[in-house]
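Reader: I have a model open in front of me and would enjoy talking it through. Could you take a few questions?

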Amino acid sequence: GERMVKGDGGVIINLSSTAAFLPMAHTIPYGGAKAAIGVMTVALAKAFAPKVRVNCIAPGPFLTDVSTVWRENEAAKNALGLKRFGEPEEIVGTALYLASDASSYTTGQVIRVDGGSW
């Protein structure tokens with residue numbers, strides 16, 4: 001980030017998780033670490049502004065290699081607003097938005113892409 005500030009600027013996209021917003025007893029260390037990424041995102045956005053925008057994507061349950069344990073969990077799927085888990089390609093639009101000039105007035109934000117996992 002500091003090199004970007006000294007240069008032409010740029011965009012930093014951090015990755016967190018909705019575990020940062022939905023505390024569970026079995027995910028305390030993981031959720032805490034992901035919450036810290038959100039705090040870091042806001043702090044770095046302030047530190048590197050105005051030349052560097054810093055934002056964060058917080059994915060919810062996506063069907064990736066780590067989802068094999070819970071992908072058949074119908075109760076978890078039905079608890080989501082969209083009643084399904086996300087496909088990996090569905091996170092790409094958010095990353096492209098944050099990386100592009102379309103988000104030129106967006107910094108210090110954590111964007112949840114979670115299918116409605118309130």
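Author: Happily; the questions below concern an aromatic pair, a pocket and a loop residue in this predicted model.

Reader: How are the planes of Trp70 and Phe85 arranged: stacked, tilted or edge-to-face?

Author: The structure holds 1 aromatic pair. The ring centres of Trp70 and Phe85 are 4.7 Å apart, and their planes stand at 70 degrees. Planes over 60 degrees apart count as edge-to-face, so this pair is edge-to-face.

Reader: How many residues apart in sequence are the parts that this pair ties together?

Author: Trp70 sits in the loop between strand 2 (52–59) and helix 3, while Phe85 belongs to the loop between helix 3 and helix 4. The pair therefore links parts whose separation in sequence is 15 residues.

Reader: Is Phe85 buried or exposed?

Author: Its partner Trp70 has a relative accessible area of 26% and is partly exposed. For Phe85 the relative accessibility is 6%. Buried means under 20%, so Phe85 counts as buried.

Reader: Which residues are the closest to the centre of the largest pocket?

Author: That pocket offers about 790 Å³ of space. Its lining divides into 16 nonpolar, 7 polar and no charged residues. Of the 23 lining residues, the closest to the centre are Ser17, Thr18, Gly60, Pro61 and Trp70.

Reader: How far apart in space are Ala79 and Ser117?

Author: Ala79 lies in the loop between helix 3 (74–78) and helix 4 (92–99). With a relative accessible area of 56%, Ala79 is exposed. Ala79 and Ser117 are 38 residues apart in sequence, and their C-alpha to C-alpha distance is 7.2 Å.

Definitions and conventions
Residues numbered from 1 in each chain as written. Predicted model: local features only at pLDDT ≥ 70, side-chain atom pairs only at ≥ 80, totals over all residues. Heavy atoms only, no water. Helix = DSSP H or I, 4+ residues; strand = E, 2+ residues; numbered from the N terminus. Buried < 20%, exposed > 50% of the residue type's maximum accessible area, 1.4 Å probe, protein only. Phe/Tyr/Trp six-rings, centres within 6.5 Å; stacked < 30°, edge-to-face > 60°. 1 Å grid on protein atoms, 1.4 Å probe; cavity = no way out; pocket = protein on both sides within 12 Å on 5 of 7 lines; lining within 4 Å. Points joined across faces, edges and corners; volume = space filled by probe spheres on them. Nonpolar A, V, L, I, M, F, W, Y, C, P; charged D, E, K, R; others polar.
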